[in-house]
Amino acid sequence: MKRFILLAAASSLSVLAMIGPSKADISDIEVLFVRTDEDGNMSLSKAEVLKMAITQFNLVDENGRGALESGEVGELSSDGEFKDNDTDGDGALSIEEVVIEKLADYDRADTNLDGELSLDEVKKSYGEPKATP
């Protein structure tokens, strides 16, 4: 699911590309964090994370069948993490499988157990990707 989040971050970066070069280095994780933090409190609730995951799921589910299939996710479908999350073994990720994994990711990332994810917790959980110019 980490790659699913990075896929979502990539779509966020297209918006940045349209508005021109930035003076500060902003990582993909930071962009996605800010886009997901709907209430602007610099922390992510489970509801915010799940809403973003469902939004991104719907964007990637091009055929509208309610599953992320190999043709929609390309080489990610052969990734071990994708296969692990495909709990019914049908070769696709249903929205239910994505939500279950997102909740598990959220709980793993919430290291201080306060029920919210800080930017630091997200960076530590997903790794700090290369900054975007």
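**Reading cores, helix packing and phi**

Guide: Start with a pair of helices in this predicted model. Helix H3 (residues 46–60) packs against H6 at an angle of about 145 degrees, and their axes lie 10 Å apart.

Visitor: By what are two packed helices described?

Guide: By the angle between their axes and the distance between the axes. Here, H3 also passes H6 in a right-handed crossing.

Visitor: Which residues in H3 meet which in H6?

Guide: From H3 come Lys46, Val49, Leu50, Ala53, Ile54 and Phe57. They meet Ile95, Val98, Val99, Lys102, Leu103, Tyr106 and Asp107 in H6. By type, the residues of this contact are 10 nonpolar, no polar and three charged.

Visitor: Where do nonpolar side chains tend to be in soluble globular proteins?

Guide: They tend to be buried together. In this model, the largest nonpolar core has 10 residues, including Ile29, Phe33, Val49 and Tyr106. Helices H2 (28–36), H6 (95–109) and H7 (119–126) each supply at least two of its residues. H7 gives the most, with three. Another core, of eight residues, lies apart from it; Phe57, Leu76, Leu93 and Val98 are among them.

Visitor: What sign of phi do most residues other than glycine have?

Guide: Negative. Met42 is not a glycine, yet its phi is positive, about 60 degrees. Find Met42 in the loop between H2 and strand S2 (43–44). Leu113 also has a positive phi, about 55 degrees. Leu113 sits in the loop between H6 and strand S5 (117–118).

Visitor: Is Leu113 buried or exposed?

Guide: Exposed, because its relative accessibility is 71% and the cut-off is over 50%. Met42 is partly exposed, at 47%.

Definitions and conventions: Residues numbered from 1 in each chain as written. Predicted model: local features only at pLDDT ≥ 70, side-chain atom pairs only at ≥ 80, totals over all residues. Heavy atoms only, no water. Core = buried A, V, L, I, M, F, W, Y, C linked by side-chain atoms within 4.5 Å. Buried < 20%, exposed > 50% of the residue type's maximum accessible area, 1.4 Å probe, protein only. Helix = DSSP H or I, 4+ residues; strand = E, 2+ residues; numbered from the N terminus. Axes fitted to C-alpha atoms, helices over the stretch in contact; angles between N-to-C directions. Left-handed = near helix turned anticlockwise from the far one by under 90°. Contact = heavy atoms within 4.5 Å. Nonpolar A, V, L, I, M, F, W, Y, C, P; charged D, E, K, R; others polar.
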